[in-house]
Structures are given as structure tokens and as C-alpha cells.
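Here's a walk through one chain, strand by strand. Keep the viewer open as you read.

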Amino acid sequence: MSRVIIAEDEPLAQQELQFMLEREQDIEIVAIASNGQEALDLYAKHRPDVMFLDIEMPKIKGIDVARRIREMTNEAPQFVFITAYDDYALDAFEMEAVDYLQKPYDDFRFMAMIERLKKRHTPKKRPVAQKGKLLIEHDEKMSALTPDA
């Protein structure tokens, strides 16, 4: 299951995107932001697999949110940019965006984006404990240790 954050400052556009994403079985919306700063804060809290970012948002533009996240980590989420403008398409693909949805988009275009997202994204594997072993996390790596009896 892909954990998702939506960052969209227009309430109707945010509601439409949320509605469309909730129809997908493999997507869990973990947070919704209404501006770029909130999107950064929610990213730090939730570490999602995918972020849907409106490009023109208050405080910090969506494209700048993606840049800052990429500067912070080697394990940045997948980005899907959403905008009413085509001016930022090149910037979006320089950020290795999964897609660039131009508003208004229809079901066909939305589903094409979902298929592209599924092909490019594999959710992070969560560690599974083994019987009789202790899982230790250090520097984002997991080790299984056998406790001394």
C-alpha cells in the first residue's frame, strides 16, 4: 500500500483529488496540506511513499517542496505535480516526477497517472521479526540479532 500526502491549497481541487485517490485500493492518504510549509512538515512527520503537490501554493511552491525534500534525503518519495499551468513541466521532470497533471484533468488522464505510479513505485518494505531474533535499526538499516541465552 502506498502512503500518500496531498498538498493542494484550493479546497475544491483538494477534495476532488482526495475523492479520486480514495477509490484506489492500494493508496492510503496519511495527510493533507494546504500550503508548502505544511507539506514539508507533514513529510517529516509521515515519510510518505508518494506526494501529490500543487505547484502554485502559498508560502512555498510545490516544486520547491520537492527540491527541499530531495536535498534532505536519498529516499525521497515519488512526486506527482498538479497545476493549472504548463510552465513548470520541465522543472517537474527534472525532479523525476512520476507525472504532471494539468487541471482540469479527467478520469482517463488520472487513471493513466495511477498506472504510471504503480509501475514506478514499490512501497517500502517494513521489517519482519524472525522468531528468536531481535531487530535493531541503525542508520536506516535493520539487523537481526540473536540474543545470548
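A quick word on confidence before anything else: pLDDT is the predictor's own confidence in each residue, on a scale from 0 to 100. You need it here because this is a predicted model. Averaged over the chain, the pLDDT is 83, and 81% of the residues reach 70 or more. The weak spot to keep in mind is residues 125-130, where the pLDDT is below 50; beyond near neighbours in sequence, that stretch has six contacts in the model.

**The overall layout**

The chain contains five helices and seven strands. Going along the sequence, you meet them in the pattern β-α-β-α-β-α-β-α-β-α-β-β. Of the 149 residues in the chain, 42% are buried. The accessible surface is about 9,100 Å², and carbon and sulfur atoms make up 49% of that. As for contacts with a separation of 6 or more, 55% of them link residues 24 or more positions apart.

**The sheet**

Five strands form an open sheet in the order β2-β1-β3-β4-β5, and the pairing is parallel. At the edges sit β2 and β5 (99-102), each of which pairs on one side only. From one strand to the next, the twist averages 20°.

Here are three of the pairings, with the bridges that join them:

| Strand pair | Residues | Bridges | Sense |
|---|---|---|---|
| β1 and β2 | β2: 27-33 | six bridges | parallel |
| β1 and β3 | β3: 50-54 | four bridges | parallel |
| β3 and β4 | β4: 78-83 | five bridges | parallel |

Want some landmarks for finding the register? Ile6 is a handy one: it stands opposite Ile32 in β2 and opposite Phe52 in β3. Right after it, Ala7 has Leu53 in β3 as its bridge partner. Leu53 in turn stands opposite Phe81 in β4, so to speak handing you across the sheet. The connection between those two strands goes from β3 through helix α3 (residues 62-72) to β4, and this β-α-β crossover is right-handed.

**Strands β1 and β3 up close**

How many residues of strand β1 (residues 2-7) are buried? Six of its six are, so the strand counts as mostly covered. Look at the two sides in turn and you'll find cover on both: Ser2, Val4 and Ile6 are buried on one side, and Arg3, Ile5 and Ala7 are buried on the other.

Strand β3 tells a similar story, with five of its five residues buried. Both of its faces are covered too. On one side the buried residues are Val50, Phe52 and Asp54, while Met51 and Leu53 are the buried ones on the other.

**Helix α1 and its unit**

Helix α1 (residues 11-22) joins with β1 and β2 in a right-handed β-α-β unit. The helix lies across β1, β2, β3 and β4, and it runs at about 165° to β2.

**Two residues to click on**

Start with Ile5, which is found in strand β1. Is Ile5 buried or exposed? Its relative accessibility is 0%, and the cut-off for buried is under 20%, so Ile5 counts as buried. Leaving aside neighbours within four places in sequence, its contacts include Val30 and Ala31, along with Leu42, Tyr43 and His46. Pro48, Val50, Met51 and Phe52 are also in contact with Ile5. For a link across the sequence, try Phe79: it is 74 residues away from Ile5 along the chain, yet the C-alpha to C-alpha distance is 9.9 Å.

Now go to Lys45, which is found in helix α2 (residues 36-46). What puts Lys45 in the exposed class? Its relative accessible area is 66%, and exposed means over 50%, so Lys45 qualifies. Lys45 and Ala31 are 14 residues apart along the chain, with 9.6 Å between their C-alpha atoms. Ala31 is also one of the residues in contact with Ile5, which makes Ala31 a useful stop when you move between the two.

Notes
Residues numbered from 1 in each chain as written. Predicted model: local features only at pLDDT ≥ 70, side-chain atom pairs only at ≥ 80, totals over all residues. Heavy atoms only, no water. Buried < 20%, exposed > 50% of the residue type's maximum accessible area, 1.4 Å probe, protein only. Pairing = 2+ DSSP bridges. Right-handed = clockwise from strand over helix to strand, strands pointing away. Axes fitted to C-alpha atoms, helices over the stretch in contact; angles between N-to-C directions. Contact = heavy atoms within 4.5 Å. Areas by Shrake-Rupley, 256 points an atom, 1.4 Å probe, with all protein chains shown as cover.
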